[in-house]
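Let's take a friendly walk through a protein model, one region after another. Have the structure open and turn it as you read.

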Amino acid sequence: MTAPEIDPVVESTAADIAEMRIRGAATIADAAAEALATQARRTNVTDPEAFRAELRVAARTLYETRPTAVSLPNALRYVLRGMAGETVSQLQATTIEQAEVFQRDLADAQATLGEVGANRLRDGDVVMTHCHSTDALACIEAALEAGKSLEAIVRETRPRNQGHITASQLREWGVPVTLLVDNAARRYLDQVDHVLVGADSIAADGSVINKIGTSGLAVCARERGVPVMVAAQTIKLHPDTMTGHTVEIEMRAEHEVVGDHERTEIGTEPDDEDLQVENPAFDVTPPRHVDAIVTERGQFPPESIVTLMRDLFGETTGEPWEP
Ligand code: RUB
């Protein structure tokens, strides 16, 4: 058999995810499912085994882009497990159909989750956000649609400033926004009714893995008595953590934090190995600092999320893209 041919759309989607032109756990999952559907639609192979091999390699290419958001492997697994049939055209049809179902369910889950999360928000509340989470924003959107008026304090979220995307969306919806320097959050928490964040992964013990800075914010919020709400579709539940695996925290490039020019200002050369820069993209918030995880299946105290994980995933997690 010749080497599987990967569609350019899969390659470009993988590059966009790795370089964060496509980012945010739900958006990444949606793009990955779409890329697998494109691979299936545009295949040139006539042999069913070759089709399966192509899809597996395409899934692996997408999988290897970023390690922390479990929505990515969960999406790939879901689509590949729907690939069924004896002929290439049957395999194409089932894969494309499965990807479409996945994308539809993803959108529906976010809308349902938004309505659940909105129930926690009261008219006049002030919400503090971190990063840019479409699941968290769905809660705010649903609350606004229910006629509640809200204000937001939006953390910038250095080094990539995804808070600016949140601020822009909230202004579009007419929500008054205060854009806040990350380090100032504790000072403003006494004006806040809820901390509302998303998640890239949720572990079986209820730990929440989200954009770096979330855990510090949650600790401060607990100290100030401000409830911390995590908005996360069930696609963010990390099945491997049920069998003791930990979630890999992505370490990103130094140049996102310190460029060559800044290195020179600090007084070191770009190749000075004795000035190390650490740029973890995510951190882990322990369940004791989280009040509620809001999903499309309802709201859960973090410690009970494992029951939902067992319902959804059982105990097994093989990888369909492994040869
Ligand atoms: C994004 C991030 C978001 C979660 C949830 O990180 O941490 O809070 O992915 O987003 P990055 P959503 O910008 O590094 O991808 O709710 O949209 O899935």
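Start with the overall layout of this predicted model. Measuring over C-alpha atoms, the centres of domain 1 and domain 2 are 27 Å apart. According to the domain assignment, domain 1 covers residues 8–112, while domain 2 is made of two stretches, 122–249 and 279–313. Where the two domains meet, 21 residues of domain 1 and 27 residues of domain 2 take part in the contact.

How can we put a number on such a meeting place? The size of an interface is often given as the accessible area lost when the parts come together. Here, the area buried between domain 1 and domain 2 is about 1,800 Å², and carbon and sulfur atoms account for 56% of it. On the side of domain 1, the residues that lose the most area to domain 2 are Arg 23, Thr 68 and Gln 110. Together these three make up 33% of what that side buries.

Now for the kinds of contact. How many salt bridges does the rule find across the interface of domain 1 and domain 2? The count is 0. Polar contacts, on the other hand, do occur: 9 residue pairs link domain 1 and domain 2 in this way.

Next, look at which elements build the domain 1 side of the interface. Helix 2 (25–41), helix 4 (71–81) and helix 5 (88–118) each supply at least two residues that touch domain 2. Helix 5 gives the most, with 5 residues. Sorted by character, the residues on this side are 11 nonpolar, 6 polar and 4 charged.

Stay with helix 5 for a moment and find Val 116, which is located in that helix. Val 116 touches Val 294, Thr 295, Gly 298 and Gln 299, leaving aside residues up to four places away in sequence. Take the last of these partners: Val 116 and Gln 299 are 183 residues apart in sequence, but their C-alpha atoms are 7.1 Å apart in space.

Let's move on to the ligand. It is surrounded by 18 residues, and the closest are Arg 23, Ser 133, Thr 134, Asp 200 and Lys 211. You have already met Arg 23, as one of the domain 1 residues that lose the most area to domain 2. Asp 200 has an N or O atom in its side chain 2.7 Å from an oxygen atom of the ligand. For Asn 210, a polar side-chain atom also lies 2.7 Å from an oxygen atom of the ligand. With Ala 25 the backbone is involved: one of its polar backbone atoms is 2.8 Å from a ligand oxygen.

Finally, visit the loop between strand 2 (151–155) and helix 7 (163–172), where you will find Pro 159. Thr 157 is in this loop as well. Most residues other than glycine have a negative phi, and most peptide bonds are trans. Thr 157, which is not a glycine, has a positive phi of about 70 degrees. Arg 158 and Pro 159 are joined by a cis peptide bond, with omega about 5 degrees.

Methods:
Residues are numbered from 1 along each chain as its sequence is written. This is a predicted model: local features need pLDDT of at least 70, side-chain atom pairs count only at pLDDT 80 or more; totals for chains, interfaces and linings use all residues. Side-chain values use heavy atoms; hydrogens and water are left out. Domain bounds come from an automatic or database domain assignment. Contact means heavy atoms within 4.5 Å. Buried area is the accessible area (1.4 Å probe) that two parts lose on being put together, summed over both. A salt bridge is a side-chain nitrogen of Lys or Arg within 4 Å of a carboxyl oxygen of Asp or Glu. A polar contact is a pair of N or O atoms within 3.5 Å; within protein, one must be able to donate a hydrogen and the other to accept it, and residues adjacent in sequence count only if both atoms are side-chain atoms. Helices (H or I, at least four residues) and strands (E, at least two) are DSSP runs, numbered from the N terminus. Ala, Val, Leu, Ile, Met, Phe, Trp, Tyr, Cys and Pro count as nonpolar, Asp, Glu, Lys and Arg as charged, and the others, Gly among them, as polar. A residue is near a molecule or strand if one of its heavy atoms lies within 4 Å of it.
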